[in-house]
Every structure is written in structure tokens, then in C-alpha cells.
Amino acid sequence: MATILRNLSYRYQWLYDGISRAAALLVGGEGRFRRLALDRVEIGPETRVLDLCCGAGQTTRFVVERSRAVTGLDASAIAVERARRQVPGATYVQGWAERLPFGDASFEVVHASAALHEMEPEQLRQILIEVHRVLVPGGMATFVDFHRPTVPLLWPILWPGLALFLWLFETETSWQFIRADLVQVMEAVGFERCDRALHAGGTVQAVRGRRSPGPEMPTPETPTGEAL
Ligand SMILES: C[S@@+](CC[C@H](N)C(=O)[O-])C[C@H]1O[C@@H](n2cnc3c(N)ncnc32)[C@H](O)[C@@H]1O
């Protein structure tokens, strides 16, 4: 269930951005929120980064500061148009996250912020399979999203706050999402070395996982007695 505020916030970007900025104060402000998962990821000027479900480029804006090879993808034509206008340093594609229009091993990093909670459980699994497919071996997926509060002392504040936010702006999928364990779903589709950092009393999770680097290359044997 959601209220009319959800539709309004998608229609009026100033409203969406205002709400995101206010919510981001919980983790120290928008700049920090947008970098939560990405700060722990190696991104250089040539690193191919996919910002999945990029919206109007709210996080893409921070990624283009680090790489010249950023692609934003979103299902909404309006969102893609806004992102193109507001963050011109990236390439944008309109498409579905569960059917990514990219070849295998196209990106070193795939990121999604504040988006996976919008997916049905099976859709989420399919998206993670696709993210795994488009990553290069050893490539990294990073996600920032809601999580259920983990600090019992703060539950009397955090649970009502989170529940109110989800009721006002989100749908049932967000409840399914916080009940599930994103790391487990990632591992089930093949991600390795997954980890999760929790913020804001556990209400925000930043999760990372890698595509397997592939079979170990055999080390060439050094002929005995030969100088290296
Ligand atoms: C809450 S917004 C997040 C936008 C942005 N990433 C941010 O951090 O503010 C979720 C975005 O996901 C997009 N989206 C939802 N389902 C999608 C799907 N199946 N494939 C691609 N984009 C999708 C929506 O159009 C919307 O722009």
C-alpha cells in the first residue's frame, strides 16, 4: 500500500529530491548517502559503471565525478530524460533491470541505490542474475537500500519512523524486501565475498558482492635451473 504522496513524488522531482535529502540526514546527509556503498569500491576514470534504476541521476551525479564510463538505466522514459538533462556526463538507456540490454561482462561495477525494494521477490532474483551476468569476472555489485532496524534500544523510534515512511511512499514490496536477506539472495545467484554495512540504526544497508573471478589461471612452470 502507498499513499498519493508516492505518485506525487515521482511526478514532481523537487518533492522526491526533498524527501530523499531529508531521509538522508539519518546517515549524515545526501552526499554521504549517495556514496555509502561506492566509497568502498575502486572506481577509476575508465571503470565501466552501471547505475541501475538511476532515476533522475540522483546517484549518477556522484559516480560521474569518478568515472568517464558511466551508464544509467531506468525503466521510466521521464526519469531517463531528466537524468540526461541534469547529469549529462553519463550515457543513458531506457530499459528493464530484469532484462538488461547489455552483453555479458560489460561492466566492472553495477550499483543501484534506493531501488531494489521496489521489486517483487522473483523480479529481484532475476535482476540479480542479470547484474551478475553483465559484470566482468571479479566485478562488483553494490546496493544501498532499506533494512530492518537492528538496534533494539532504538526500535521504539526507528520502527514507527520506518513504517510511516514505507506507508507514505512505498508499496508492499518494500516490506517483503526488508523481511528478506539481500546478501542471501545474492549468494544464491552466484555472488561471492558479499558483505553488508548497516547505518542509521540498521535502517539502511550498503551491500557489496563480487562475481567470481573465474577459474584460477595455472601458473606457468619455471623450468628448473633457468634464471628468472
Ligand atoms: C526510488 S527510485 C530510485 C532512483 C535513484 N536510484 C535514487 O537513488 O534516488 C527507483 C527507480 O527505479 C526505477 N525502476 C523501477 N522498476 C524498474 C525496473 N524493473 N527496471 C528498471 N528501472 C526500474 C523507477 O523508474 C525509478 O526511477
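Here are legends for four close-up views of this predicted model. Residues are numbered from 1 along each chain as its sequence is written, and side-chain values use heavy atoms, with hydrogens and water left out. As the model is a prediction, local features need pLDDT of at least 70 and side-chain atom pairs count only at pLDDT 80 or more, while totals for chains, interfaces and linings use all residues.

**View A. The ligand and its shell of 20 residues.** Look here for Tyr 16, Arg 34, Cys 53, Asp 74 and Ser 113, the closest of the surrounding residues (a residue is near a molecule if one of its heavy atoms lies within 4 Å of it). The shell consists of nine nonpolar, seven polar and four charged residues (Ala, Val, Leu, Ile, Met, Phe, Trp, Tyr, Cys and Pro count as nonpolar, Asp, Glu, Lys and Arg as charged, and the others, Gly among them, as polar).

**View B. Polar atoms around the ligand, at Ser 113, Glu 98 and Ala 75.** An N or O atom in the side chain of Ser 113 lies 2.6 Å from an oxygen atom of the ligand. For Glu 98, a side-chain N or O atom is 2.8 Å from a ligand nitrogen atom. Ala 75 takes part through its backbone, where a polar atom is 3.1 Å from a nitrogen atom of the ligand. The protein buries 92% of the 590 Å² that the ligand exposes when taken alone (accessible areas come from the Shrake-Rupley method with a 1.4 Å probe).

**View C. Helix α1 (residues 4-11) against helix α2 (residues 13-24).** The two pack at an angle of about 110°, their axes 5 Å apart (axes are lines fitted to C-alpha atoms over the stretch in contact, and angles run from 0 to 180 degrees between N-to-C directions). α1 and α2 are therefore roughly perpendicular to each other (a term for angles of 65 to 115 degrees). Leu 8, Ser 9, Tyr 10 and Arg 11 of α1 meet Gln 13, Leu 15, Tyr 16 and Ile 19 of α2 (contact means heavy atoms within 4.5 Å). Five nonpolar, two polar and one charged residues make up this contact.

**View D. Helix α7 (residues 155-169) against helix α8 (residues 172-179).** Here the packing angle is about 140° and the axes are 9 Å apart. That makes α7 oblique to α8. From α7, Trp 159, Leu 162, Ala 163 and Leu 166 meet Ser 174, Trp 175 and Ile 178 of α8. The contact of α7 with α8 has six nonpolar residues, one polar and no charged.

Methods. Polar contact = N/O pair within 3.5 Å; in protein donor to acceptor, adjacent residues only side chain to side chain. Helix = DSSP H or I, 4+ residues; strand = E, 2+ residues; numbered from the N terminus. Parallel < 35°, antiparallel > 145°, perpendicular 65-115°, else oblique.
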